[in-house]
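Student: I should like to learn how the features of a structural model are read, one at a time. Could we begin with a single residue and then work outwards?

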Amino acid sequence: MIDTIALGAAVDLLLGSWQPWLVVIPGILIGLIFGAIPGLSIPVAMAVFLPLTVYLDFMPAILFLTAIFTGGGFGAGIPSILMNIPGSASSVATAFDGYPMAQRGEHSLALGLALTASSVANAFGYVLLMLFVNSMADAVLKLGPMEMFLVAAWGLTLIAALGSQEFSKGLIAGLAGVLISAIGMSTSGDIRGTMGVVYLLDGVPVVPALIGLFAASELFRLIGQDYLVKNASQRRISVKDILAGVKLTFKYPGIVFRGSFIGVLIGMIPGVGASVANLVSYSSVKRHSKHPEAFGKGEPAGVIAAESANSSSEGGSMAILLALGLPGGAATAVMLGAFAMHNVTGGSRFMSENLDIVYAIILGNFVQVVLLFVIGLGFVFIASSIVRAPLNYLIPTVFVMAIIGAFTLTGNMAGPITVFVFSLLGWLMRRYEYPVAAMVIGLLLGKMAEGELIRSHQISGGDPAFLLSRPIALVILLLLVLSTVMSLLKRRKRTHAHA
Amino acid sequence: MKHDSQPHDSSWGHVALMAIFIVATLAFLYDTLRQSRQLENIIVVLPVSVIVLLLCAYQLFKAFRNRPVRAGDRAIDTRQEADTGARKGLSASARIGLLMTLLGLYVLGLIYFLFDVSTFLFMWLALLVQGERRYVFSFVYSLLLSLFVIWSLTRMMPFPVETLLF
């Protein structure tokens with residue numbers, strides 16, 4: 001599984017010069033800052049700093065970008081916990097329990113949990129990458145449109161697992177999200193629902209929509225309140241609590257493992273990645289928990305499940321980038337740009353001829369994980385001070401960051417307009433108890449589900465028996481049905497218990 | 001549980017939200033069918049739209065069965081103000097309405113006016129709407145934040161944005 005000669009060469013490559021390490025700490029800090037500001041994301045950070053990598057050798061350039069990736073993966077969880085505003089789609093589920101913990105004054109504990117789960121899971125992802133990089137790539141090549149559609153459909157069933165009081169409201173929100181994702185040019189080239197607005201030709205920008213849905217529903221709700229944490233005595237920033245969070249994470253090794261495993265698996269699937277991994281992991285842990293009713297109310301296991309999955313997905317997406325030369329998402333697409341700038345093409349030939357570089361990237365990431373943990377401890381300490389900021393200042397400041405961040409994401413006014421429109425929608429939905437997270441899932445997966453369904457239909461000629469010739473698809477379908485039925489049965493049981 | 005959710009479902013605001021969903025879904029479905037009725041174009045949109053419309057109809061039926069009342073919305077406002085421990089002065093609903101309007105004007109300002117000036121005006125006015133009475137401090141804070149954010153934006157974007165100062 002491991003080529004020890006190449007591994008030795010990788011160690012030489014990393015220890016032979018100080019230059020590769022010089023860029024890692026700035027990279028992690030950039031990732032943390034860009035991840036923590038809603039609207040600014042990991043791909044934006046990587047794209048902004050990509051031109052700098054021209055002046056670096058290949059190895060430091062890739063270490064710099066993976067450092068941003070690693071830092072950003074955790075950074076996005078910070079506003080989720082402190083303000084219920086996910087820094088990116090990958091940390092939506094972190095807010096479900098992280099924010100209730102913050103509201104009862106356990107912000108330091110929640111941040112400690114998130115940081116440790118992120119660090120451990122990130123390392124786990126790269127261990128799997130080191131051991132199974134070739135077989136992981138082979139497995140992904142076996143996934144066709146039918147399997148991809150079922151993965152997306154499985155993701156959509158997560159709507160059922162989200163904590164809306166009424167299942168029908170969750171479905172309305174989720175399916176409305178699917179419809180919104182269908183706006184713009186369809187796979188068949190038809191332009192739908194744009195109302196003549198040119199900005200909508202590419203569809204509704206998902207991250208600004210997500211920021212609008214989450215940020216506004218929360219910020220508008222907070223109007224009139226003085227501080228994020230009501231009780232003044234709970235507003236203190238405690239290193240002791242952060243460290244208690246670190247310790248507490250290790251009391252949930254099964255959840256860290258499950259989240260990490262789900263993260264790597266889903267991270268490997270192009271186009272899905274961390275944004276779905278955190279939701280799948282969260283709902284899986286909630287479903288298997290002995291007390292699912294505690295989830296959504298500040299359950300530490302929920303934070304660990306979400307953060308371990310979104311961080312380990314980095315390893316999965318890197319596996320596909322290195323082994324197949326395919327970017328699984330926007331961040332790895334930017335990294336592919338760095339490959340091209342250094343005349344390197346990822347893929348099986350790159351793997352076989354440059355295994356030492358692949359191992360060096362993986363080993364470099366182990367060091368990054370340790371550095372993330374150390375730098376992250378300091379960063380969360382500073383970030384926690386947000387609970388001491390008066391809300392009358394914090395609310396407009398976050399709105400400005402979100403609007404300007406959305407502009408940097410789209411490069412035109414589509415971003416700010418989307419944030420505003422979805423702000424109003426998110427506020428209304430939350431007011432009448434429609435889960436905004438369900439709409440976000442629909443938005444994230446709708447377009448992918450439609451595209452893959454059309455391709456499956458074209459390949460199969462509309463013959464349902466085609467499914468029987470796809471064993472992986474059958475397994476995914478079985479898992480999908482089982483998880484949905486179990487989720488609905490548990491919901492019914494809970495409803496009866498409450499009645 | 002049911003008793004708690006009743007004011008939400010039986011308020012006119014909830015009916016309005018359902019109306020928005022229904023009208024938007026019908027408009028989108030009409031536009032999709034008008035573009036093309038090929039299977040590739042409607043394979044997801046048609047069934048999903050039908051389900052959304054049926055679910056919205058169910059929610060509307062429930063709302064009208066309980067007779068929508070303005071008290072429903074008032075109950076939500078009261079509960080929110082109790083939840084958040086709202087300060088005295090303008091009600092939370094009034095502040096939310098004003099801030100929403102300001103946010104809309106801010107986005108319009110970015111489109112038709114200047115980024116730095118619009119950001120500053122939004123920040124300062126939003127602070128005043130939120131009850132801030134330290135006029136000089138809020139003015140300086142808004143100014144510094146706007147300058148920092150828009151300067152960072154101009155450094156990051158590969159093309160110029162409309163500003164007064166940068």
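**From one residue to two chains**

Tutor: Ser138(B) is buried, its relative accessible area being 0%. Please bear in mind that the model is predicted.

Student: On what basis is Ser138(B) called buried?

Tutor: The general idea is a cut-off: a residue is buried when its relative accessible area is under 20%. Ser138(B) has 0%, so it belongs in that class.

Student: Where in chain B is Ser138(B) placed, and which residues is it in contact with beyond its sequence neighbours?

Tutor: Ser138(B) is part of helix α8 of chain B, which covers residues 135-156. Neighbours within four places in sequence are set aside; the contacts of Ser138(B) are then Trp124(B), Leu127(B), Leu128(B) and Glu132(B), together with Tyr393(A) from chain A.

Student: How many residues of each chain take part in the contact between chain A and chain B?

Tutor: On the side of chain A there are 64 residues, and they are in contact with 74 residues of chain B. The area buried between the two chains is about 6100 Å², with 73% of it on carbon and sulfur atoms. Tyr393(A) appears here again: with Leu179(A) and Tyr432(A) it supplies 12% of the area that chain A buries against chain B, more than any other three residues.

Student: How should the overall dimensions of chain A be read?

Tutor: One compares the radius of gyration with the value expected of a compact globule with that number of residues. For 499 residues the expected value is near 23 Å, and the 22 Å of chain A agrees with it. Along the principal axes, the C-alpha atoms of chain A fill a box of roughly 65 × 60 × 50 Å.

Student: What share of chain A is buried, and what share of its contacts joins residues 24 or more positions apart?

Tutor: Of its 499 residues, 64% count as buried. Among the contacts in chain A with a separation of 6 or more, 81% are between residues 24 or more positions apart.

Student: What are the corresponding values for chain B?

Tutor: In chain B, 46% of the 166 residues count as buried. Of its contacts between residues at least 6 apart in sequence, 55% join residues at least 24 apart.

Student: Which secondary-structure elements does each chain have?

Tutor: Chain A has 23 helices and 2 strands, whereas chain B has 8 helices and 0 strands.

Student: How is the accessible surface divided by atom type?

Tutor: One asks what part of the area belongs to carbon and sulfur atoms. For chain A that part is 69% of about 17600 Å²; for chain B it is 69% of about 9000 Å².

Student: How far apart are the mean positions of the positive and negative charges of chain A?

Tutor: The 28 positive and 23 negative charges of chain A have mean positions 13 Å apart.

Student: How does one read a pair that is separated in sequence but not in space?

Tutor: The two separations are set side by side. Gln234(A) and Glu106(A) are 128 residues apart in sequence, and their C-alpha atoms are 7.7 Å apart. Gln234(A) belongs to the loop between α12 (206-222) and α13 (239-249) of chain A, and its relative accessibility of 29% makes it partly exposed. Its contacts, apart from neighbours within four places in sequence, are Arg104(A), Gly105(A), His107(A) and Val229(A).

Student: Is Ala95(A) buried or exposed?

Tutor: Ala95(A) is buried, at a relative accessible area of 2%. It is located in helix α7 of chain A, residues 92-103. Beyond neighbours within four places in sequence, Ala95(A) is in contact with Ser80(A), Asn84(A) and Pro100(A).

Student: Which backbone angle deserves attention in the loops?

Tutor: One examines phi, and in particular a positive value at a residue that is not a glycine. Asn343(A) is such a case, with a phi of about 55°; this residue is in the loop between α17 (330-341) and α18 (348-353) of chain A. Glu433(A) likewise has a positive phi, of about 65°, and is not a glycine; its loop runs between α21 (414-431) and α22 (436-460) of chain A.

Student: How accessible are Asn343(A) and Glu433(A)?

Tutor: Asn343(A) counts as exposed at 73% relative accessibility, while Glu433(A) counts as partly exposed at 23%.

How values were computed
Residues numbered from 1 in each chain as written. Chains lettered and ligands numbered in written order. Predicted model: local features only at pLDDT ≥ 70, side-chain atom pairs only at ≥ 80, totals over all residues. Heavy atoms only, no water. Helix = DSSP H or I, 4+ residues; strand = E, 2+ residues; numbered from the N terminus. Rg over C-alpha atoms; globule rule 2.2 N^0.38 Å. Buried < 20%, exposed > 50% of the residue type's maximum accessible area, 1.4 Å probe, protein only. Contact = heavy atoms within 4.5 Å. Areas by Shrake-Rupley, 256 points an atom, 1.4 Å probe, with all protein chains shown as cover. Lys, Arg positive; Asp, Glu negative; His and termini not counted. Charge placed at Lys NZ, Arg CZ, Asp CG, Glu CD. Buried area = accessible area lost by both parts, 1.4 Å probe.
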